[in-house]
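Biologist: Hey, got a minute to walk me through this complex? I'd like to go chain by chain and then look at the contacts.

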Amino acid sequence: MTATAEPEVGKARLRKEDARLITGQTKWTDNLQLTGMLHMAVLRSPVAHARIRSIDCSRATAMPGVAIVLTGEDLAAEQGSLPCAWPITEDMLAPAAPALAVDQVNFAGEAVALVIADNAYRAADALAAIDVDYDELPVVLDLEEALQDNDLVHPDLGTNKSATWIFDSAEAGSGTNVEDEIASAEVVLERTFRQQRLIPSFMEPRSVVVDPSADMFTIWSATQIPHILRWMLAAVSGIAEHRIRVIAPDVGGGFGGKLQVTPEELLCLLVARRMGRPVKWTESRTESMLSGHHGRDQIQKITLSARRDGMVTGLKVELLADMGAYLRLVTPGIPILGAFMFNAIYKFAAYRFVCTNVFTNKVPTDAYRGAGRPEATFAIERMMDELAVELGRDPMELRQQNWIKHDEFPFSTVAGLTYDSGNYEAATDRAMELFDYSALREEQARRRSSRDPVQVGIGISTYTEMCGLAPSRVLGALRYAAGGWESASIRMLPTGKVEVITGTSPHGQGHETVWSQIVADRLGVPFEDVEVLHGDTASSHRGMDSYGSRSLAVGGTALVHAADKVLAKARRLAAHMMECDEADVEFATGSFSVRGTSTVRSLGDVVLAAHVAHDLPEGMEPGLDADATFDPDNFSFPHGTHLCATEVDTQTGMVRIRSYVAVDDVGTVVNPLIVDGQVHGGLAQGIAQALYEEAIHDETGTLTTATFADYLVPSAADLPAFMTARTATPATSNPLGVKGVGEAGTIASTPAVVNSVLDAVRHLGVRDIEMPLSPERVWTALRGGAAEASTPAAGGLGSIDSQGGQS
Amino acid sequence: MHISVNVDGVTYADEVEPRLLLVHYLRERLGKTGTVIGCDTGNCGACTVHLDGHSVKSCQMFAVQANGHEVTTIEGLARDGKLHPVQEAFRSNHALQCGFCTPGMIMQAIDLLADESDPDDETVRKGLEGNLCRCTGYQNIVRAVQDAAQRMKPGAGPKIEQHSDEHVGSRQPVGGE
Amino acid sequence: MIPAEFRYLCPSTVDEAVRMLVEEGEDAKVIAGGQSLVPVLRMRLAAPTALIDIGGLTELTGVRDDGDSLLIGAMTTHYEVQRDHLIHDHALLLKLVTDTVADPQVRHRGTFGGSLCHADPAGDLLAPALALDAVMIIAGPGGRREVPASEFFVGYFETALAPDEILIDVRVPKYTGWGAHYEKLNRVAQAWSIVAVAAAVQISGGTIAAARVGLTNVGSGPVRAVDVESALVGQPVSAISDAALLASSGDGYKDNLARVLTDRALTAAVAG
């Protein structure tokens, strides 16, 4: 074993994962082919709300290759109800959520029947031969209308309101009463923003394979959460947990979209049990968009009170959050995750947050990158700009006046959190320097005075977020059903190689690389000598998986603790081997030595001695393996300053991003390449919310954006090059000083872009434009028209006539 | 229908249903699972392979249409254990995260570099407009393609997949026999 | 997404292909490059009983010089159109428009004739075909016939092609020396255009001798801005902006785009 020369933490290591990914050797779930495997295809409801009068499967059952056709009635006795792990209030209303609809469908795309056949082509053929007779019910789509309870999504609940969740700083003792602040304020601004519905759009469609052989159900799934999935599937199906093994092999992106216990995962399991043969289901992209959960979809009514001098005194947030038709795994909690972030980096005296969760006949919503925090950040960063306009102030200077200064940390916020560290001034200074703020302002003035058809705008977003989900006691207090700890194990192999087992479940983040760097540093072993195992409940039996920018801050810390346990035991054994007092043993770059002597034992020597166990100290167990579980005391709080310059073509409404600067403070950086990559990808998704993406249901509840031809995920040609930089104030809540970076770009960028566009056209009379800022919406706003104008993508496969000609 | 297709240098003879998509033929019949399926409409480009040296979306054609033609997939790029310069560049520039779009992205990048040996930022972005990535924001992909262009300059590496206009003019039309 | 079953036929001549179409009846379909048809089949928006693949008909590929005009084989791929010297020299507008069709992979397989026959009102090639007075040469059981573009595009995804006919060639008059430009506005690169304008302009002695303007995606088919064209004849380049106002008289967003993009397309075409 050789010692590492320079620290691994901070090094731009190329990823270990890439070797298989760039050569096509990747193990995606859909690659699996098991002997005797059956294929499951799902018939989905074309209507959004209906009673199922009858389902005729006789033609489908008789088709070649079809093993069985199943309906909800066939599975009613065993399918239970899909889990919702976050009952946000004691009196929250939750409908039964069958994986396969039994007598009623509540959104278009809901599963109503299954074909199990010997190959996917025959299964698809048989789907077309199932006849379902629907008795249509009135559809509930609009959030505000849903609140009137005229038509009900779930008549048995008696209302479309699922729950109302309130935080009030006066009641919590973290601030004053917001109504008092509003009543006595010199300035009160009231705005309503709409967070459009988004589709996570991970690139790998979901896929599940269940092998029921030998008393053990082995489940491969394209999931972010193998551990939670195992637990929940056991709870729902009644199959003993120790008879279920879940494997998340290579998983092609998630962004929250694979943080789910899906109907299809449960159905594959039940079908495999029934048939006694392996079963595979792989979704098409359209299925994914019709049935995988969506994100966002809120109406935000924001009231902000301030003094004329620019100090904000109070913030009142009233949200309507669209649950869709069912409560999935953490659906009700998503808007609540934003509750602590509306006050952002600012020192507000009073804060009140009221969220009403509402059922509609639409695809269920749940986690999507940022989950609650992008919504909060958007609202407050838009409001800070609105206040700047109202007071005639520079928007950055106004923010500065209100934000927490670097010498005020730790800082207890009006939302009841304690921010451990941060330096908003430093990040902002760096961003302003890279952006050339004053030159852009000059150009803006020039274009305004010359009435240039292309106007320029500058958008600011000074954000923070809460990462490292999460202290288990906090989750408990929020009525979340699980904890927020993470687990790690280190196996010291006799040849000195190291196996790391983590409870995190990467799906693109590069944990194999980063975890190796951390362990290499800690143990002084070569980076190449560390192998990271994850995503298999048989090898990694304990974990809370990957989401909420938690993996490094929580899982990485567990890893540090496990490494420290290895070293503590190794030190004792090294002292024994070197016949010295443990207090005299020093450890550096992979070797133990006796202080002041030349006596040295490498960690490898000690590992081997522990393994053969020929001569161990009294009472010491053989081996140096160690486990650790870390439960954080606090969240971590990345922050940063993003600046966006846009050009708005006032003749067409087209928006082009001219330049984008992101300065993020994510604490200590383990691998700068990976951190930059996370920021880039996050920016793309946040910009896409601002400009391009929107899931649209028509008036009957049909999703009209169910292909990539209609749901506009931007390509390379649609995005600018980003300028990224960092400042670093280490987190104090974990020994690595890390904060998390998975969601920062997405959270920060949406308001930066929208603020920028509005800054470009506000002098032309535009007050607001609803997202996404399509050219038609921008143009309509410029004409003084309603901001609501919607621009479905022109053309679109939905409009293709089946009778087209030669093509 | 009987077809004969050369895939990654090996000729396969198979009986296939006419409706079998080329990508399913590659994945299910030949076990070439390096090529993946990301959508139904030809928008995402994850399934991109080369047909007679040109990039195509293998979910947008039938296996029978590849009869008598040559297909190259991501699995056929490395030569003698050495990665293709574009593969190397993707790794060196952290141009992938989850990696699902990567095979298609690499195959399209190779095609792009065959037409444009030293592309600027905009040319790369335009050349990749048929390939969606949800992880990287494309920044490092663009960088990787430009890096690969340097690696592939005459004398800088093996001359793979490059073709001239003459070659284009004389190439076999695709289709059945 | 998996297409329904079909029989697959590979004719080796145009006449054989026509014969197959006649025999198979209306439920048969011709597949050219398949870049629009395959997704339609995968989503089962159509389920033809037979596909007649004309990909093997080499006689339908390539561009030929035919005196005053070019003959573009229906199976010429977009990729080939983009790089063809005859098209570059005599029908530059077609090259510029084709540069924006879909993406590189699709351009490798998709064909000039296939796009015209698909007749998607948002399809890029319809407007320039109309504006350039292209003529469709069609083979059917009764022999060959010629249909001008103005009569070929009859509606939304609808052409004058009978079910037993095949488009084999497209005759495009030569526009040697004309400036050209395609101004396309789409939300993302892959999206269909909201509106696009194809323009070609002939300058002679400092004034506009002739102009051709076609609009994409403003109706159920391509639209030719004849008022704009005639208003420009004999005018100086400075007349473009006023003439462009004639591209549409309406008040809506697309009307506005028609005017703005016509102005830009003509201006860029002149600047060449």
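**Domains, contacts and strands**

Modeller: Sure. The domain assignment of chain B gives domain 1 (2-72) and domain 2 (85-152). Bear in mind that this is a predicted model.

Biologist: How far apart are the C-alpha centres of domain 1 and domain 2 of chain B?

Modeller: They lie 22 Å apart. For the contact, 14 residues of domain 1 of chain B meet 10 residues of domain 2 of chain B.

Biologist: Which strands supply the domain 1 side of that contact in chain B?

Modeller: Strand S3 (48-51) and strand S4 (54-57) of chain B each supply at least two residues. The largest share, three residues, comes from S3(B). By class, the domain 1 side has five nonpolar, nine polar and no charged residues.

Biologist: OK, switching to chain A. How is chain A divided into domains?

Modeller: Domain 1 of chain A is 18-24 + 485-630, and domain 2 of chain A is 405-410 + 417-467 + 635-807. Their C-alpha centres are 41 Å apart. The contact between them takes 14 residues from domain 1 of chain A and 15 residues from domain 2 of chain A.

Biologist: And which elements are on the domain 1 side there?

Modeller: Helix H17 (511-523) and helix H18 (551-578) of chain A each give two or more residues. H18(A) has the largest share, with five residues. That side of domain 1 of chain A divides into five nonpolar, eight polar and one charged.

Biologist: Does any record say something about chain A?

Modeller: UniProt, in an unreviewed entry, places the feature "domain: Aldehyde oxidase/xanthine dehydrogenase a/b hammerhead" at residues 23-138 of chain A. Over that stretch of chain A, the chain is 17% helix and 30% strand, with the end C-alpha atoms 51 Å apart.

Biologist: Let's do some strands. How do S22 and S23 of chain A pair?

Modeller: Strand S22 (residues 585-588) and strand S23 (residues 591-594) of chain A pair in the antiparallel sense over four bridges. Glu586(A) has Ser593(A) in S23(A) as its bridge partner. The two strands form a hairpin with two residues between them, and Thr589(A) in the turn has a positive phi of about 35°.

Biologist: What does S23(A) join on to through three bridges?

Modeller: That would be strand S24 (residues 600-602) of chain A, again antiparallel. Ser593(A) turns up here too, with Val600(A) in S24(A) as its bridge partner. S23(A) and S24(A) form a hairpin with five residues between them, and Gly596(A) in that turn has a positive phi of about 80°.

Biologist: Now chain C. Is strand S6 of chain C largely enclosed or largely open?

Modeller: Largely enclosed by the rest of the structure, because five of the six residues of strand S6 (residues 135-140) of chain C are buried. Six bridges join S6(C) to strand S7 (residues 143-148) of chain C, and the two run antiparallel. One bridge pair there is Val135(C) with Pro148(C) in S7(C). S6(C) and S7(C) form a hairpin with two residues between them.

Biologist: Which strand pairs with S6(C) over five bridges?

Modeller: Strand S10 (residues 166-173) of chain C, also in the antiparallel sense. Met136(C) stands opposite Val170(C) in S10(C).

Biologist: S10(C), does that come up in the chain contacts as well?

Modeller: Here's the contact with chain A, which takes 39 residues from chain C and 32 residues from chain A. S10 of chain C is among the elements giving two or more residues to the chain C side, along with helix H2 (37-42), helix H7 (112-118) and helix H12 (253-271) of chain C. H12(C) gives the most, with four residues. By class, the chain C side has 28 nonpolar, eight polar and three charged residues.

Biologist: How many residues of chain B are in contact with chain A?

Modeller: 45 residues of chain B, meeting 43 residues of chain A. Helix H2 (85-92), helix H3 (102-115), helix H4 (121-127) and helix H5 (139-151) of chain B each give two or more residues to the chain B side. That side divides into 20 nonpolar, 17 polar and eight charged.

Biologist: Last one: which residues touch the most other members of the largest nonpolar core?

Modeller: Of its 417 residues, Met40(A), Val115(A), Val519(A), Val757(A), Leu93(C) and Ala199(C) do. H18(A) supplies the largest share of this core, 15 residues. Ala199(C) touches residues including Ala180(C), Val213(C), Leu266(C) and Ala269(C), leaving aside those up to four places away in sequence.

Methods
Residues are numbered from 1 along each chain as its sequence is written. Chains are lettered from A and ligands numbered from 1 in the order in which they are written. This is a predicted model: local features need pLDDT of at least 70, side-chain atom pairs count only at pLDDT 80 or more; totals for chains, interfaces and linings use all residues. Two residues are in contact if their C-beta atoms, placed from the backbone, lie within 7 Å. Ala, Val, Leu, Ile, Met, Phe, Trp, Tyr, Cys and Pro count as nonpolar, Asp, Glu, Lys and Arg as charged, and the others, Gly among them, as polar. Two strands pair if DSSP finds at least two bridges between them. Domain bounds come from an automatic or database domain assignment. A residue is buried if 20 or more other C-beta atoms lie within 10 Å of its own, exposed if 12 or fewer, and partly exposed in between; C-beta atoms are placed from the backbone. A nonpolar core is a set of buried Ala, Val, Leu, Ile, Met, Phe, Trp, Tyr and Cys residues joined through C-beta atoms within 7 Å. UniProt positions are given in the numbering used here, feature names are shortened, and annotations may be inferred rather than shown by experiment.
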